[in-house]
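This briefing introduces a structure to a reader who has not seen it before. Please look over the sequence and the model first, then read the points below.

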Amino acid sequence: MAPAAASGGSTLPSGFAVFTTFPDLLFILEFVFGGLVWILIASSLVPIPLVQGWVMFVSVFCFVATTALLILYIVGAHGGETSWVTLDAAYHCVAALFYLSASVLEALATIGMQEGYTYKHYHENISAVVFSYVATLLYVVHAVFSLIRWKSS
């Protein structure tokens, strides 16, 4: 029962309690690092347009969905229903998988551009890869604690 207690119990918080419970506190960091990935990918030069498109899709989708969920939790739209706990766990699992795939593809594209690109473009892509992996880690941790909360609900 200790993991459920550490994750804020089996219900979702509402109001500003979202900022005081552990897994839901990660929304802020996901928002920040997802926004950084979005900005860096949008401004960088990626040699494979399909990779850049996928990473942009993942970062924008997760940024918008995380923002929407955060706002819905703050206004208490879930009403304490357990179906929202399932939605939270499912979303964070999908987001973690999406970000992992985007991070690996961006890292592969960045490794391939070591030669022939300017110092600035190469380092922008390295920054995008680092922040993408940080966002992946945040979504994985949030998914794990959301699954613990889902199991205890």
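Helices here are DSSP runs of H or I with at least four residues, numbered from the N terminus. By that numbering, Asn-125 lies in helix 5, which covers residues 119-152. The model is a predicted one. The points below take up two buried polar residues, Glu-106 and Asn-125, and then a nonpolar patch on the surface.

**Glu-106**
- Glu-106 belongs to helix 4, made up of residues 82-112.
- Glu-106 counts as buried because its relative accessibility is 1%, and the cut-off for buried is under 20%.
- Apart from neighbours within four places in sequence, Glu-106 contacts Ile-41, Val-46, Val-51, Val-55, Asn-125, Ala-128 and Val-129.

**Asn-125**
- With a relative accessible area of 0%, Asn-125 is buried.
- Its side chain makes a polar contact with the side chain of Ser-44, at 3.0 Å.
- Outside the four places on either side in sequence, the residues in contact with Asn-125 are Ser-44, Leu-45, Val-46, Glu-106, Thr-110 and Met-113.
- Val-46 is in contact with Glu-106 and also with Asn-125.

**Surface patch**
- Ile-28, Phe-31, Val-32 and Leu-36 form a nonpolar patch on the surface.
- Together, these four residues have about 280 Å² of accessible area.
- One of them, Val-32, sits in helix 2, residues 22-43.
- Val-32 has 39% relative accessibility and therefore counts as partly exposed.

Key. Residues are numbered from 1 along each chain as its sequence is written. This is a predicted model: local features need pLDDT of at least 70, side-chain atom pairs count only at pLDDT 80 or more; totals for chains, interfaces and linings use all residues. Side-chain values use heavy atoms; hydrogens and water are left out. Helices (H or I, at least four residues) and strands (E, at least two) are DSSP runs, numbered from the N terminus. Buried means under 20% relative accessible area, exposed over 50%, partly exposed in between (1.4 Å probe, protein chains only). Contact means heavy atoms within 4.5 Å. A polar contact is a pair of N or O atoms within 3.5 Å; within protein, one must be able to donate a hydrogen and the other to accept it, and residues adjacent in sequence count only if both atoms are side-chain atoms. Patches are made of residues with over 30% relative accessible area and no salt bridge: like charges are joined within 9 Å, nonpolar side chains (Val, Leu, Ile, Met, Phe, Trp, Tyr) within 5 Å. Accessible areas come from the Shrake-Rupley method with a 1.4 Å probe; for residues, only the protein chains shown count as cover. A salt bridge is a side-chain nitrogen of Lys or Arg within 4 Å of a carboxyl oxygen of Asp or Glu.
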